[in-house]
Amino acid sequence: MPLTPEQFKLWQALLKDMAGIHLDEQKSYLLATRLSPLLNAYGFDDLMDLYAQAQDDWNGALPAEIVQVMTTHETNFFRHPPAYEFFADLLRAQFETQTRDRPLQVLSAGCSTGEEPWSLAMTAADVLGERAERLVRIHAWDIAPASLAMAREGVYRDLGKKVDPAFIDRYFQPHEGGRRIRDNLRQLVRFEVRNLLNPGTLPARFDIVFCKNVAIYFDPPTRAAFFEEVLSWMSPQGYLFIGSGESLVGVTRAFRRERHGEVTVYRPEIEPVARTMEYSRERRRSEHSTK
Ligand SMILES: C[S@@+](CC[C@H](N)C(=O)[O-])C[C@H]1O[C@@H](n2cnc3c(N)ncnc32)[C@H](O)[C@@H]1O
């Protein structure tokens, strides 16, 4: 049975509260199509039963499964290669020219099935060799548990066309008709299921944040608040990379835009204040249920 406009609004608010996902009215069909496997799996006929179950089991598996099917996980190794070339330049500048001695903390925010953090790890290993394990920490977060499990597993049937052929032998081993990330890269990346809108305690202040093609799903106020929050996760000299089709112009003044060849990066414009606000999932939930 199709959702009434009021029921659709309830779903809209739920998705926004869970993961910042903005779904406009014209996308009602998308909700029904994407959620239909979950209806079957949970033995419901009606989307509102699934809605009630998600509300009852807010910290359980269902909300994560809903987010998994309602978000797009499209990604690639070395998506927009100039970004990785610039990342390599930053590594050389930090560790060869300036001889930095602390590890560089890198966040892949919304890492999907892992191609982005593994591309960062390959780049770091290529530039720094064995020192990469000591000098670079890559934190890879995604809200969708099934995607994150694939990322951690690091097994791929198709590497796409952008992986340097020399990297294929160096960083992948043949595996059941596909390829598997070699153990020599695994120490560099730490995968975690985290909601970017409610990440909990941060493991570090990040020097480099890749947050590409994630905030496109947020509505404009959520996007602005989110990037202002990202500022508080970063070191003052940090670099934020967003998707090549995205821009922070008109979204927030917290960052200034810098152009380096084909790459646009964003640098903290105002001194980041370390994040103090814990915006817990429970609190988001209670706000949601009082709407
Ligand atoms: C299109 S993929 C982008 C992957 C990669 N960053 C890239 O550019 O190739 C978007 C990813 O963001 C994740 N995502 C969306 N909302 C999120 C949230 N609130 N917290 C964490 N991850 C989120 C989705 O699960 C999805 O895997």
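**View 1. Two domains in one chain.** In this predicted model, the chain splits into domain 1, covering 5–70, and domain 2, covering 81–268. Measure from C-alpha centre to C-alpha centre and domain 1 sits 29 Å from domain 2.

**View 2. Where the domains touch.** Zooming in on the contact, seven residues come from domain 1 and 12 residues from domain 2. On the domain 1 side, helix 4 (residues 61–70) chips in the most, with three residues. What classes of residue make up the side of domain 1 that touches domain 2? Four are nonpolar and three are polar, with no charged residues.

**View 3. A three-stranded open sheet.** Here the strands run in the order 3-5-4, and the pairing is antiparallel. Strand 3 (155–156) and strand 4 (172–175) are the edge strands; each has a single partner strand, so one side of each goes without a neighbour in the sheet. As background, strands of a sheet pair through backbone hydrogen bonds, in either a parallel or an antiparallel way.

**View 4. Strand 3 against strand 5.** A closer look at one pairing: strand 3 and strand 5 (residues 178–181) are joined by two bridges in the antiparallel sense. Which residue of strand 5 does Val155 stand opposite? That would be Arg180.

**View 5. The shell around the ligand.** The ligand is surrounded by 24 residues. Thr75, Gly110, Ser112, Ile143 and Lys212 are the closest of them. Sorted by class, the shell holds 11 polar residues, eight nonpolar ones and five charged ones.

How values were computed
Residues numbered from 1 in each chain as written. Predicted model: local features only at pLDDT ≥ 70, side-chain atom pairs only at ≥ 80, totals over all residues. Near = placed C-beta within 6 Å. Nonpolar A, V, L, I, M, F, W, Y, C, P; charged D, E, K, R; others polar. Pairing = 2+ DSSP bridges. Helix = DSSP H or I, 4+ residues; strand = E, 2+ residues; numbered from the N terminus. Domains from an automatic or database assignment. Contact = placed C-beta atoms within 7 Å.
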